[in-house]
Amino acid sequence: MATVRALKIYEPERSSPQGDVDASIILLDFEGEKFVQIDTYGSKDRKFVGKRSQSLRLSKEAFEQLVKLGTAHFAQGQ
């Protein structure tokens with residue numbers, strides 16, 4: 001697992017459709033610092049269905065940055 005404290009915007013070299021997966025969000029308070037953790041559980045075709053696949057833990061600063069960037073991105077063209 002990784003803790004993300006800042007995000008950088010990159011332009012993708014290429015983009016392709018991705019399949020849907022289940023995910024959960026966990027709100028953590030660890031040693032006085034709050035985090036938002038997103039866990040994904042992989043595709044329905046994987047060997048161990050329902051087993052956590054990836055985790056990403058965001059600090060307060062990274063989460064606020066994600067919300068700001070996401071809000072601006074989804075507002076484009078409306």
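## Glu64 and its partner in helix H1

In this predicted model, Glu64 counts as partly exposed, because its relative accessibility is 43%, a value that falls between the limits of 20% and 50% that set off buried from exposed residues. The side chain of Glu64 meets that of Lys60 in a salt bridge, with a distance of 2.7 Å from N to O. Both Glu64 and Lys60 belong to helix H1, which covers residues 60-75, and they stand four residues apart, which is about one turn of the helix.

## Salt bridges elsewhere in the model

The pair in helix H1 is one of four salt bridges that the structure holds. Another is formed by Arg5 and Glu33, whose closest N and O atoms are 2.7 Å apart. Because Arg5 sits in the loop between E1 and E2 while Glu33 sits in strand E3, this pair ties together parts that are 28 residues apart in sequence. Glu33 is partly exposed, since its relative accessible area is 29%.

A further salt bridge joins the side chains of Lys34 and Asp29, with 3.8 Å from N to O, and here both Lys34 and Asp29 are exposed.

## The surroundings of Arg5

The loop that holds Arg5 runs between strand E1, residues 2-4, and strand E2, residues 23-30. With a relative accessibility of 46%, Arg5 counts as partly exposed. When residues up to four places away in sequence are set aside, Arg5 touches Glu33, Phe35, Ser59, Glu61 and Ala62. With Glu33, one of these neighbours, the side chain of Arg5 also makes a polar contact, side chain to side chain, at 2.7 Å.

How far from Arg5 is Ala75, which lies 70 residues away along the chain? The C-alpha atoms of Arg5 and Ala75 are separated by 24 Å.

## A nonpolar patch on the surface

Besides these charged pairs, the model has a nonpolar surface patch of about 380 Å², to which Ile25, Leu27, Ile38 and Leu56 contribute. Ile38, one of the residues that make this patch, has its place in strand E3, which spans residues 33-40. Ile38 counts as partly exposed because its relative accessibility is 31%, and this value meets the requirement that a patch residue have over 30% relative accessible area. Strand E3 thus holds Ile38 of the nonpolar patch as well as Glu33, the salt-bridge partner of Arg5.

Notes
Residues numbered from 1 in each chain as written. Predicted model: local features only at pLDDT ≥ 70, side-chain atom pairs only at ≥ 80, totals over all residues. Heavy atoms only, no water. Patch = residues over 30% accessible without salt bridge, like charges linked within 9 Å, V, L, I, M, F, W, Y side chains within 5 Å. Areas by Shrake-Rupley, 256 points an atom, 1.4 Å probe, with all protein chains shown as cover. Helix = DSSP H or I, 4+ residues; strand = E, 2+ residues; numbered from the N terminus. Buried < 20%, exposed > 50% of the residue type's maximum accessible area, 1.4 Å probe, protein only. Contact = heavy atoms within 4.5 Å. Polar contact = N/O pair within 3.5 Å; in protein donor to acceptor, adjacent residues only side chain to side chain.
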